[in-house]
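Hi,

Here is the structure I said I would pass on. Have a look at it first, and my notes follow underneath.

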Amino acid sequence: MTATGTSAYSPVLVVGGGIVGLSMSLFLSQRGIANVLVERHATTSTHPRARGVNVRSMEILRAAGLEESIRATESARALSTNHGIVAAHDLAGEEFRRMDGAHTADPRLEAWSDLSPTSWALCDQDELEPLLADRARELGSWLLFGHELTALEDGVATVRDVRAGTEFRMAFTYVVAADGAHSPLRKARDIAFEGPGTLAHFANIYFHADLTEPLRDRRFVMCYLRQQDFQGALLPIDNHRRWLLHVPIGPDWEAERHRFEPGACAEMLRKATGVPGLDVDIRGVLPWESAGRVAARWRDGSLFLVGDAAHVMPPTGAFGSNTGIQDAHNLAWKLAAVLRGEAGPGLLDTYEAERRPVSVATVEQAVLRSKDRGRKGGDGGPPPGLADDAAVMLGYRYATAARDTGDAYGVDPTSAETADGATFLPADHWSGSPGTRAPHVPLPGGRSLLDRYGTEFVLVTSDARWMRAVTQACGDGARLRACHLPSGEELAKKFQAQYEVGDGGAVLIRPDGFVGWRWTGAPAGRPAEELSAALARLTYRESSPRGVRA
């Protein structure tokens with residue numbers, strides 16, 4: 001943050017310090033872009049709300065240097081073997097239904113080892129947010145907790161210190177709204193929410209109680225409770241003392257509040273656990289709405305929406321905060337490229353074009369899961385249209401990137417897979433085609449080819465002609481690095497099989513780990529020109545790349 005004629009200047013202002021806002025700040029700093037985050041609350045979350053960090057988000061946070069820290073948290077260690085969703089009369093009683101399978105994702109590493117170098121982490125929000133904040137600060141972010149945005153106009157923000165009551169003005173180039181489902185910034189720009197709308201209302205009771213005995217040796221992700229006069233869902237935080245109970249309520253919280261006084265909550269928890277004399281410590285009650293909505297627009301001039309400001313969805317599948325993390329990751333590299341002068345401004349239009357269709361489709365999947373898990377019986381199978389978790393998390397395709405390359409590079413731009421809207425491709429279709437997440441190829445020591453991608457474009461090839469093309473493609477434009485896999489070696493063969501290229505082929509990976517361009521056969525003509533043209537298309541420039549290094 002630098003001083004100006006106002007009070008300060010930052011290229012990017014991030015409004016909102018939850019999981020997504022902190023991720024946005026972190027990803028910008030990871031790419032060398034100065035940013036300031038303002039959050040009206042004094043600290044990160046003290047309530048363990050969102051807790052499922054899915055495989056794609058873990059890949060992203062792994063690249064940001066956070067995987068080990070996340071897995072070292074109390075909740076991640078305690079819940080590392082929990083899986084499946086059960087239904088029972090109460091916790092102490094017998095289960096009468098168990099849901100394991102395609103849409104009840106297994107967090108254990110071995111379940112994902114063929115698809116990714118990482119796996120789920122069940123890390124509670126109150127433990128994840130401080131890790132994101134610390135890493136963002138370490139990389140240079142200015143995080144102003146206890147500060148709120150009071151005005152925003154003409155590239156200048158007015159920020160108030162909540163405790164002191166003082167204000168200062170700050171100039172910015174772009175502002176990212178990560179200010180939640182009720183986003184004041186979205187409402188101020190008159191951007192409507194669209195979609196199914198409200199599905200249900202709940203109260204979330206956070207409590208401490210020793211449930212070791214009724215839990216026994218079971219390790220689940222969630223337990224639905226079905227009684228004649230009571231329904232709820234019990235979620236473990238540490239499989240011992242820390243728990244959450246979700247209870248259905250009406251739409252008017254003020255009319256419901258009396259039901260959640262400490263004494264009433266304690267009786268509700270005894271009913272839920274099946275332990276009449278349970279000693280409970282109520283730590284907090286939080287009302288919330290289960291809904292499916294997507295903002296009609298994700299950009300308004302210099303303003304971009306991310307996370308709950310752009311979409312809300314039921315918690316089934318744990319897609320909400322993860323979709324937001326992936327929004328931030330997509331937007332961060334594009335803002336960085338434009339701010340550094342390495343991409344044209346048209347690149348920023350692809351943020352909404354890519355992320356909004358994925359969000360719409362993900363909301364649909366979350367709503368389907370919510371309705372499916374709400375069934376009292378287990379008959380009839382999953383509802384039509386339900387995609388498996390791996391496809392939703394890792395198998396979506398960005399239509400813009402696929403269209404930009406065209407069928408000359410192995411993609412039919414008129415196919416259903418590249419039409420407007422998102423298609424979730426099953427794992428056997430993850431072939432390295434443009435617009436899809438780059439496939440995982442294992443490396444020795446638990447590493448992956450994905451670990452070689454990161455904050456710049458990477459050309460992966462076994463052919464020396466493409467390697468020379470990287471060093472020759474110098475000029476104005478995107479940062480480019482080469483990843484050479486010697487022809488004939490086992491790693492090169494695995495890469496060629498996974499990405500469906502020949503020994504002379506090449507694949508250009510975007511800074512977000514998605515395939516931007518692919519040449520399946522041996523290079524023809526002048527490889528450096530082909531590569532420069534591909535980079536120019538992907539960065540919305542006509543000039544060739546700058547900052548090249550092998």
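The residue that caught my eye is Asp 179, which is buried but has no salt bridge. Keep in mind that this is a predicted model. The nearest side chain of opposite charge belongs to Arg 186, and it is 6.4 Å away. A salt bridge would need the charged atoms within 4 Å.

So what does the side chain of Asp 179 reach instead? One partner is Ser 183, whose side chain makes a polar contact of 2.6 Å with that of Asp 179. Another is the backbone nitrogen of Leu 185, at 3.2 Å from the Asp 179 side chain. As for where this happens, Asp 179 sits in the loop between strand E10 (167-177) and helix H6 (184-188). If you skip the neighbours within four places in sequence, Asp 179 touches Val 15, Gly 16, Pro 184, Leu 185 and Ala 309.

Now for the wider view. The chain has 550 residues, 57% of them buried, and its secondary structure comes to 16 helices and 24 strands. Of the contacts with a separation of 6 or more, 70% are between residues 24 or more positions apart.

The largest nonpolar core holds 110 residues, with Met 24, Leu 335 and Leu 508 having the most contacts inside it. Helix H10 (residues 320-339) gives the most to this core, nine residues. Beyond its neighbours within four places in sequence, Leu 335 is in contact with residues including Val 12, Met 24, Tyr 174 and Phe 304. Apart from this core lies another, of 27 residues, with Leu 91 and Ile 249 among them.

Cheers

Note on methods: Residues numbered from 1 in each chain as written. Predicted model: local features only at pLDDT ≥ 70, side-chain atom pairs only at ≥ 80, totals over all residues. Heavy atoms only, no water. Helix = DSSP H or I, 4+ residues; strand = E, 2+ residues; numbered from the N terminus. Buried < 20%, exposed > 50% of the residue type's maximum accessible area, 1.4 Å probe, protein only. Lys, Arg positive; Asp, Glu negative; His and termini not counted. Polar contact = N/O pair within 3.5 Å; in protein donor to acceptor, adjacent residues only side chain to side chain. Contact = heavy atoms within 4.5 Å. Core = buried A, V, L, I, M, F, W, Y, C linked by side-chain atoms within 4.5 Å.
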